[in-house]
Amino acid sequence: MVSAAGWIAPASPSVLRDLRRNLLLVLLSAVLAAGLFPPWEFWPLAFVALVPLLLALRRTVTWRASGYLALLWGVVFQMAALYWMTTIFGAACLPLFVLLALPWVAFGVIYRLLPRRLALPLLVLAVPVLWVAAEWVRCEGTYMRFSWLQMGLSLVPTRGGLFLDSLIGVYGATFLVLLVNGALAALLSGELSGRRKLAAMGATTVASGGMLLALSLASPGKDKPSSSVVLVQEDNGDLDDLRRLILRYADEHPALIVCPELALHDYLLEPPALCRQLADLARATGSTLIVGAKEAAPDDAPCDSLRRRAMLSLEGRLYYNAAFLISPQGELLGVYHKHYPIQFFSDGVPGRGYPTFPTPAGRLGVAICYDFDYATTARQLVRHGAQLLVVPTYDDRAWTGLQALQHARVVQARAAEAGRWVLRPTSSGLTEVIAPTGEVTGSLSSGEPGALLTRVALREDLTPYVRAGWLLPYLCLALAAGMVVALGAGRVVRRRSPLSPAPQGRGERGRG
């Protein structure tokens, strides 16, 4: 007998023992997966962390039980890796984590429904296909999108992992990690005969060997930096403080000076005196100047109701979170509007398109903070001709170093995917200069105002990821959709067939 929730109702010792074993496997997997990310970053765990979860999902009797186990894994994993979010959302973190875990629930259900007699190569390949599809939905496919904690990001601390990002992106790295986990789970599963276990062992060896070979490869050759740039780290929102930091480097005449997101808390185009002061500052340094500030938006600007309500409540008006580009002659070269304002917060009206800006410092691709969390942004900017990527960022002073580091890891992966130098000035840290290989070449620690002088190079080549590697998650989405259709059609056929066996789990003792 099966309860409405899908768990085994009889409280026999064997059933309870199996249920406890599955719960322990799920909790173990969640803790191991959290250990892949800052502050621990023990990346070798990536190849085994999900094996206990996969074993538990396949051992359940019903797909409902598998869904609950996947939900438990997602909530515990996020609580362990993102425990700092309680300082922002408090008790609301729990329902937030539940919502963010729903794509993993879909993975658990579909993975459990795969036929037990499925050919081994298909069973192993189904794991990364379904996981990448679920990961894309979680990271980019819904209003709640949140791209931190992708499995592929666990390899960012390794040179080989960044090299993989330049070839197949973070989703591709996730695919390979899950391929190894899926092969190991198949090897350890009781579903396989001796011959199939040998085949699983061979597949595991090939996948693991390929991954280790990729991680041992050297990164692409580094550029010889040619242009000097200055990154400003300051969060007071005051022009006088900003000016003092910038004028320290006036004698260097850097090609580019970049300030953080909302470096000025004002509406830049409304007080003419403020615009004149910034123009004078650009002329004094002989540099292209990028400053984050606000720009008024029309009342009918397209914006979802949650963001609109937040802006009207705090600002009394709609606005764009903007980056203003000013030439060395003091002329306004262009304005970029933040494409992905943070959900639920007063963070501006979403911008449109991915413009790039020709400047004396090169053709610049500009993104603001949260924009760079999404794989589409850097790729589109490079496709539109960006030779250098600039990412003004606001990392609140109240943030812990853990939050700043987790955020910075995403930007490293984007730099490797795009194959461009990335300049990332933040309000309070971590301010970083990131090479096209994804490696950090200069940084300022969190918490103190300052400026960083460095050199970078312009690039025009396209990485394999930008050319074609970005298509992988969409291929996985199509294949996952095909699996769902095939599973649905198979269930319909079995229900209509007079020879179909009784539904599994009813009147049968099994595992929870």
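Helix 5 bends by about 40 degrees at leucine 102, and a proline, proline 103, follows within four residues. The structure described here is a predicted model. Helix 5 covers residues 93-113, which makes 21 residues. From its first C-alpha to its last, helix 5 reaches 30 Å, close to the 30 Å expected at 1.5 Å a residue.

## Aromatic pairs

A pair of aromatic rings is described by the distance of the centres and the angle of the planes. The structure holds 18 aromatic pairs. In one of them, the ring centres of phenylalanine 77 and tryptophan 104 lie 5.7 Å apart and the planes stand at 65 degrees, so this pair is edge-to-face. Because phenylalanine 77 belongs to helix 3 (residues 63-81) and tryptophan 104 to helix 5, the pair ties together parts that are 27 residues apart in sequence. Phenylalanine 77 and tryptophan 104 are both buried.

Another pair is formed by tryptophan 136 and tyrosine 474, with ring centres 5.7 Å apart and planes at 65 degrees, so it is edge-to-face. Tryptophan 136 lies in helix 6 (residues 120-140) and tyrosine 474 in helix 15 (residues 472-496), so this contact ties together parts that are 338 residues apart in sequence. Tryptophan 136 counts as buried because its relative accessibility is 17%, under the limit of 20%. Tyrosine 474, at 32% relative accessibility, counts as partly exposed.

Ring pairs also build a cluster, whose members are Phe37, Trp73, Phe77, Trp104, Phe107, Tyr111 and Trp131. Phe77 and Trp104, described above as an edge-to-face pair, are among the members of this cluster.

## Salt bridges

Side chains of opposite charge can pair when their charged atoms come close. In this model the count comes to 13 salt bridges. The table lists examples with the distance between the closest N and O atoms.

| Residue | Partner | Closest N and O atoms |
|---|---|---|
| Arginine 307 | Aspartate 304 | 2.5 Å |
| Aspartate 347 | Lysine 338 | 2.7 Å |
| Aspartate 395 | Arginine 424 | 3.4 Å |

Aspartate 395 lies in the loop between strand 8 (388-390) and helix 13 (401-418), and arginine 424 lies in strand 9 (residues 422-424), so their salt bridge ties together parts that are 29 residues apart in sequence. Both aspartate 395 and arginine 424 are buried. Salt bridges that share partners join Glu261, Lys338 and Asp347 into one network. Within this network, aspartate 347 is buried, with a relative accessible area of 8%, and lysine 338 counts as buried at 0% relative accessibility.

The bridge between arginine 307 and aspartate 304 joins residues of unlike exposure: arginine 307 counts as buried at 5% relative accessibility, whereas aspartate 304 is partly exposed, with a relative accessible area of 23%.

The loop between strand 8 and helix 13 also holds aspartate 396. Aspartate 396 has a relative accessible area of 29% and is therefore partly exposed. Aspartate 396 and aspartate 235 are 161 residues apart in sequence, and their C-alpha atoms are 8.2 Å apart in space.

## A nonpolar surface patch

Ile88, Tyr143, Leu306, Phe344 and Phe345 form a nonpolar patch on the surface. Together these residues have about 400 Å² of accessible area. Phenylalanine 345 is located in the loop between strand 5 (332-337) and strand 6 (356-359). With a relative accessible area of 37%, phenylalanine 345 is partly exposed.

## Backbone features

Most residues other than glycine have a negative phi, and most peptide bonds are trans. The peptide bond from proline 38 to proline 39 is cis, with omega near 10 degrees. Proline 39 is found in the loop between helix 1 (13-34) and helix 2 (51-59).

Histidine 253 is not a glycine, yet it has a positive phi of about 45 degrees. Histidine 253 sits in the loop between helix 9 (239-247) and strand 2 (256-258). Leucine 262 is not a glycine either, and its phi is positive at about 50 degrees. The place of leucine 262 is in the loop between strand 2 and helix 10 (272-285). At 17% relative accessibility, leucine 262 counts as buried.

Terms used. Residues are numbered from 1 along each chain as its sequence is written. This is a predicted model: local features need pLDDT of at least 70, side-chain atom pairs count only at pLDDT 80 or more; totals for chains, interfaces and linings use all residues. Side-chain values use heavy atoms; hydrogens and water are left out. Helices (H or I, at least four residues) and strands (E, at least two) are DSSP runs, numbered from the N terminus. The expected span of a helix is 1.5 Å times one less than its number of residues. The bend at a residue is the angle between axes fitted to the seven residues ending there and the seven starting there. Patches are made of residues with over 30% relative accessible area and no salt bridge: like charges are joined within 9 Å, nonpolar side chains (Val, Leu, Ile, Met, Phe, Trp, Tyr) within 5 Å. Accessible areas come from the Shrake-Rupley method with a 1.4 Å probe; for residues, only the protein chains shown count as cover. A salt bridge is a side-chain nitrogen of Lys or Arg within 4 Å of a carboxyl oxygen of Asp or Glu. Buried means under 20% relative accessible area, exposed over 50%, partly exposed in between (1.4 Å probe, protein chains only). Rings of Phe, Tyr and Trp (its six-membered ring) pair if their centres lie within 6.5 Å; planes under 30 degrees apart count as stacked, over 60 as edge-to-face and the rest as tilted.
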